Amino acid sequence: ASTRSLDEVAENASFHPVLRTIIKHATAACDGAGEGAARRSAFDGAWKADISVNDFMVRLCKYALCSPGVFQVMAVYVGRLTQRMALTWINVHRVLLAAFVAAAKYQDDQRISLDYYAEIAGLPLEDVVRIESHFLTVVEWDLYVGAAEAEAAVDAVDFTGAS
């Protein structure tokens, strides 16, 4: 698959405010979660990822080649998930990846393999399969996002729902 240049990624982030909003709110939610405050989840890594949330989202944007609408749908999905569990520094990247994969599949109907998403994220394929499955279970397969809900995601993202 081809990739976007870093200039194209920066342009995508600036013309689509929800990308910056996702980064801001995910980081704030993690900062607000105390160490060990959240129950362990299937999204948890063994430790905090070495890549920042910003750099991770830029990486997804650069290599996954999705439409801007994917980020609106992704924001809605993460909002739904965080009503049931808290984002922490050991799960945020995996939660964002799972929401991104589900949003890209739903919104763009892309035929990108989970192998490729695993490569982008730097995770084993088995982990990506597991977190995608767990994500769908946690959100109860509720993937429909109406136009009004997607549009509202730009202004109303709140990832601090559960603790």
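Helix α5, which spans residues 92–108, gives more residues to the lining of the largest pocket than any other element, and its share is three. This pocket belongs to a predicted model, and the space inside the pocket comes to about 270 Å³. Of the 17 residues that line the pocket, those closest to its centre are Trp47, Ala49, His93, Arg94 and Leu123. When the lining is sorted by class, 10 of its residues are nonpolar, four are polar and three are charged.

From the pocket we can step back to the chain as a whole. The protein chain holds eight helices and zero strands, and from the N terminus on its elements therefore read α-α-α-α-α-α-α-α. Of its 163 residues, 51% are buried, and the accessible surface of the chain amounts to about 8,100 Å², with 51% of that area belonging to carbon and sulfur atoms. If we take the contacts between residues at least 6 apart in sequence, 86% of them join residues at least 24 apart.

Helix α5 returns when we turn to the interior. The largest nonpolar core has 50 residues, and the ones with the most contacts inside this core are Phe43, Met74, Tyr77, Leu96, Leu97, Phe100 and Phe135. At least two core residues come from each of the helices α2 (17–32), α3 (53–64), α4 (69–81), α5, α6 (114–121) and α7, while α5 gives the most, with 11 residues. Tyrosine 77 offers a way to follow these contacts one by one: leaving aside its neighbours within four places in sequence, tyrosine 77 is in contact with Ala99, Ala102, Ala103, Tyr106, Phe135, Val139, Asp142, Leu143 and Val145.

Charged residues can also be found away from the surface. Glutamate 132 has its place in helix α7, which covers residues 125–138, and glutamate 132 counts as buried because its relative accessible area is 12%, below the 20% under which a residue is called buried. Not counting residues up to four places away in sequence, glutamate 132 touches Val101, Lys105 and Leu114. Aspartate 44 lies in the loop between α2 and α3, and with a relative accessibility of 10% aspartate 44 is likewise counted as buried. Between aspartate 44 and tryptophan 89 there are 45 places in sequence, yet the two are 8.7 Å apart in space, C-alpha to C-alpha.

The last stop is the loop between α7 and α8, where helix α8 covers residues 147–156 and where glutamate 140 has its place. Tryptophan 141 is found in the loop between α7 and α8 as well. To see what to look for in their backbones, it helps to know that most residues other than glycine have a negative phi. Glutamate 140, however, has a positive phi, near 55 degrees, and tryptophan 141 also has a positive value, near 60 degrees. Are these two residues buried or exposed? Glutamate 140 is exposed, because its relative accessible area is 59%, and tryptophan 141 is exposed too, because its relative accessible area is 60%; the cut-off that matters for this step is 50%, since a residue over that value is called exposed.

Technical notes:
Residues numbered from 1 in each chain as written. Predicted model: local features only at pLDDT ≥ 70, side-chain atom pairs only at ≥ 80, totals over all residues. Heavy atoms only, no water. Helix = DSSP H or I, 4+ residues; strand = E, 2+ residues; numbered from the N terminus. Buried < 20%, exposed > 50% of the residue type's maximum accessible area, 1.4 Å probe, protein only. Contact = heavy atoms within 4.5 Å. Areas by Shrake-Rupley, 256 points an atom, 1.4 Å probe, with all protein chains shown as cover. 1 Å grid on protein atoms, 1.4 Å probe; cavity = no way out; pocket = protein on both sides within 12 Å on 5 of 7 lines; lining within 4 Å. Points joined across faces, edges and corners; volume = space filled by probe spheres on them. Nonpolar A, V, L, I, M, F, W, Y, C, P; charged D, E, K, R; others polar. Core = buried A, V, L, I, M, F, W, Y, C linked by side-chain atoms within 4.5 Å.
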